[in-house]
Amino acid sequence: MSRLRRIAQASSRDLMILAAVVTVLGLIPLGVSRFTLSVATTALIFALAGIGWNVLSGFAGQFSFGHAAYFGLGAYTVAVTLTEFSISPWVGLIVGGVIAAAFGLLTGWISFRFGLKGAYFALATFALAEMLRLTFNNLDYVGAGIGITIPLAGGDDWGRIQFEDTPSLQYWVLLGIVAVSLVAVIAITKSRLGSTMLAVREDEDAASSLGINPLRAKMAAISISGFITALAGGYYTQFLLFIDPDLAFGPFVSVAILLRPIIGGVGTIWGPVLGAAILSVLGEVTRSLVREPPSFLQVIEGVNGLDQVLFGLILVLVIIRAPDGVLGWFRRRRQRSAV
Amino acid sequence: MSSILSVRNATKRFGGLTAVDNVSLELGQGEILGIIGPNGAGKTTLFNLISGAMRPDEGEVVFDGERIERMPPHLIAGRGLVRTFQVVKPFSGLTVFENVMVGAFLRRPDPLESEAHALSMLEFTGLIPSADRPAKGLTLASRKRLELARALATDPRVLLLDEVLAGLTPTEGAEMVEVVKSIRDGGVSLLVIEHVMAAIMALSDRIAVIHHGELLAIGKPAQIAKDPRVVEAYLGEEFQIAPD
Amino acid sequence: MRGRPRNAIWAALAIVAGLLLTQSTWWDTNQTVFAQAVVSGLLIGGVYSLVAMGLSLVFGVLDIINFAHGALMTIAIYVSYLLFLNQGVDPYLSLFITIPLMFILGVGIQRFAINPVMDAPIHNQLLLTLGIAIIIENLALVFFTGTPRSIELSYARNEFDLGPITLDFPVKVFGAVVTLPKLIAFIMALLLAALLYLLIKRTQLGAAIRAAAQEPEGAELVGIDVRRIYTITFGIGAACVGAAGALVIPFLFVSPTAGATFNIIAFIVVVLGGMGSIPGALVGGLVIGLTQEMTQLFVSGSSKLLGVFVVFLAVLLFRPEGLFGRVQR
Ligand SMILES: Nc1ncnc2c1ncn2[C@@H]1O[C@H](COP(=O)(O)OP(=O)(O)O)[C@@H](O)[C@H]1O
Ligand SMILES: [Mg+2]
């Protein structure tokens, strides 16, 4: 126990930042429309998924291009445990996390034992997520291509995590889960485990020469990562009250998950949250720009796909101009001015 | 003098090339054993065999009474036998301090304890001023120190140093020699590969000469310097006596 | 980039064994279905090979995961489609436009977007190409909407008098239907593969490309401008989908995501065949084409891609260097 206390001591600065971030994010529902709240909720769900991705790909350096696998397993576990076994989504979230972690351990063990790295590991994760999608698409037990609809509980129901009357509650509960996950990530970065992951990311040979078992570090990373991302997936089901194979396992889910930490800053604590904030603001701005353009841009009104073009352009510019994401860009500037 | 590390009849082949050929060595407790030999003699390969990076085709390696030649590197390091790399491998995305923390964590799960330990290792190697710099921007001399600090932070009982002096200026080299000496004074046994003759002669208790993978001679520095076989081997190989 | 004849023999043996296995009563009843699956698999596999060849070059030489490859094919598809629609240009003639056009476009993309991030970690290159793909696909959506379109070749059902034999399309091979556009695409894919192979193996440019792929530092030392080689290679890769795009429009729906569906298959083919190997991409494309049709035939109710992914994972784990690749570990 004293070790945990020492970790907390070492993390005090980050925990204070966390308190501030959570406070600011917690205020959002107070002054926005129901629509904006749902945008914020979605942003937070993908931030959470990105926090999970970041553990494996940012800290441990194993780039996953198929985190939809974990997201989808979480999403479907919540849906199936509720509709088939009447189990509360609270339990479903945890079970989903455990299943995703187990899936990560199994597939990770095989991939890492066989020495998959870099682009090959990325493609393997992609293939796994696609295989899950195709399998679920043909599995009648989980509704095949049609998916699963969650029955409405009606009103505010804590046990079912449905808050029809007070949607802000749904956001705040999610924020709580995000906060807990961030505390876990902060603790990891301050602990031996985090240091081990970073070492393996940087140089496996050097890491093993210092007594680190690279396989074990990667296995720890993939299970924690899968668990957190599955929580996000499970909550996504609760938020949509519906899930289908594309929403759960689609390739664009994987992209959506990794985009946020990369824009915010790969391998940083705050990158996923920052990236999610930036992307959702950006997404809303471009969408509303296309919906109601200023008079001199009248031609673009309602043109389908234009917001995505803008989005792609910004993505390309960010990758070229700020390859370490926004936080990395700031850090680099600070270092430059310090020298 | 009881030996803490023994290499017995170790052989390693790469295709037709025998990089290490039936080499046997004993490293005494608290000893500095220098290993010299021309480029390509098989010195680094010998380190790879001892540290678990490669498995010998024949022979055995015994560390503190235990056979280790089939163990993975991390278990060997965990038992207290740690090596540095000739081509240094800093964790370039991390700061100098974080680099050393990786080593410090091996025996100290408590982050505050390992922080304190890492800081004292940085102090010992004179790296405190660059503690918060990214490892990627360091000079070669500092990177070699970092490699050493990181390995030392794991509290090794045996340390294998692969050419820590190569490429350093005479002043930097002299500082490094002092550091290595005080590591030994701290109770660590050392196996030191070195190209720079003068330095290794002054530093080592004994010296082993490797040539074409074979152990050519082993003994006190003074004997080695006079050994006709050694002199002959080096004259043929344009061995550098002075630092480069 | 060295071919491995032994593996080709293994692959051929596996196919023959598969064919022999089917000499049963099942065979008598399902002969036509089976023949159709083999023929369809091989024909579409040829197109996969062509697309994958370009990707394989880019993957093998530049070592980047290019997710814009399929989107580039989409451009070629629309160019060829518009030429046909507005100018009445035959799709096979438009090859002479799409190939150089896509080459130039590829050179531009590499030069201005990808070269700046060549040293960045793989996720940045992947995201960059993904961003480019998003831009291209959505521009197509903006200009042409998502409605799928198709064209019909006037001579697709003609009779062709080839001296000794007369071919009345669609012809039947062992009971399987072979349409003219698919046959042309298949033959052209093989021809272009041969050309590309000669380019890589027999020309000075090819030698420079191979050098840049295997030893970038060494190539730099002997005076090869590696950045320039990267640029040209990306251009060649894009030219491959330039050809593929024109070849598929007579039998494929034209839509903003038409090319993207080839993207992931192409990756699988590249890994299967071995990065940077042209013969590997060729054989890999045919194998994947067959695999997808066989999956559909034997695993009822599943997606054709499932079998493809199973093969893919097996290759990643057991032979990551691919059928024709060099052992790297
Ligand atoms: N992994 C390897 N594969 C093939 N040959 C190797 C490998 N490592 C070293 N060698 C060869 O073994 C010989 C000894 O190399 P090395 O141990 O690095 O020599 P030294 O450290 O004494 O300069 C050299 O000829 C070298 O080329
Ligand atoms: Mg050496």
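**Exercise 1. Place A:S168 in its chain, and decide whether it is buried or exposed.**

*Solution.* Start with the secondary structure: A:S168 lies in helix α7 of chain A, which spans residues 167-190. This is a predicted model, so keep that in mind throughout. Next, turn to accessibility. The cut-off for buried is under 20% relative accessible area. A:S168 has 15% relative accessibility, and therefore counts as buried. Finally, look for its neighbours: leaving out residues up to four places away in sequence, A:S168 touches A:P29 and A:L37.

**Exercise 2. Work out the strand order of the open six-stranded sheet in chain B, and explain which strands stand at its edges.**

*Solution.* Walk across the sheet from one side. The order is β6-β7-β8-β3-β9-β10 in chain B, and the pairing is mixed. Now check the two ends. β6 (81-83) and β10 (214-219) of chain B each have a single partner strand, so one side of each has no neighbour in the sheet. From one strand to the next, the twist averages 15°.

Then zoom in on one pair. Strand β3 (residues 32-36) and strand β9 (residues 206-211) of chain B run parallel and are joined by four bridges. To find your bearings within this pair, look for B:G34, which stands opposite B:I207 in β9(B).

**Exercise 3. Find which strands helices α1 and α6 of chain B touch as they pack on this sheet.**

*Solution.* Take helix α1 (residues 43-51) of chain B to begin with. Helix α1 touches β3, β6, β7 (158-162), β8 (189-193) and β9 of chain B. The direction of α1 makes about 150° with that of β7(B). Move on to helix α6 (residues 170-185) of chain B, which touches β3, β7 and β8 of chain B. Here the angle is about 150° between the direction of α6 and that of β8(B).

**Exercise 4. Describe the surroundings of ligand 1 and its contacts with oxygen atoms.**

*Solution.* First list some of the shell: the residues around ligand 1 include B:F14, B:L17, B:P38, B:G40, B:G42, B:T44 and B:M54. Next, ask which elements supply them. β2 (17-28) and α1 of chain B each give at least two residues, and the largest share, three residues, comes from α1(B).

Now go through the distances from an oxygen atom of ligand 1:

- 2.5 Å to an N or O atom in the side chain of B:T45
- 2.8 Å to a polar backbone atom of B:K43
- 3.5 Å to an N or O atom in the side chain of B:N39

As a last step, consider the ligand's surface. Ligand 1 exposes 560 Å² when taken alone, and the protein buries 62% of that.

**Exercise 5. Trace the strand pairings made by β4 of chain B.**

*Solution.* Begin with β1 (residues 3-14) of chain B, which runs antiparallel to β4 (residues 58-63) of chain B and is joined to it by five bridges. Within that pair, B:V7 has B:V61 as its bridge partner in β4(B). Then follow β4(B) to strand β5 (residues 66-67) of chain B: these pair in the antiparallel sense over two bridges, with B:F63 opposite B:E66 in β5(B). To finish, inspect the turn. β4(B) and β5(B) form a hairpin with two residues between them, and B:D64 in the turn has a positive phi of about 50°.

**Exercise 6. Give a short profile of chain C.**

*Solution.* Count the elements: chain C has twelve helices and four strands. Of its 329 residues, 54% count as buried. For the surface, chain C exposes about 14100 Å², with carbon and sulfur atoms supplying 66% of it.

How values were computed: Residues numbered from 1 in each chain as written. Chains lettered and ligands numbered in written order. Predicted model: local features only at pLDDT ≥ 70, side-chain atom pairs only at ≥ 80, totals over all residues. Heavy atoms only, no water. Buried < 20%, exposed > 50% of the residue type's maximum accessible area, 1.4 Å probe, protein only. Areas by Shrake-Rupley, 256 points an atom, 1.4 Å probe, with all protein chains shown as cover. Pairing = 2+ DSSP bridges. Axes fitted to C-alpha atoms, helices over the stretch in contact; angles between N-to-C directions. Contact = heavy atoms within 4.5 Å. Near = heavy atom within 4 Å. Polar contact = N/O pair within 3.5 Å; in protein donor to acceptor, adjacent residues only side chain to side chain.
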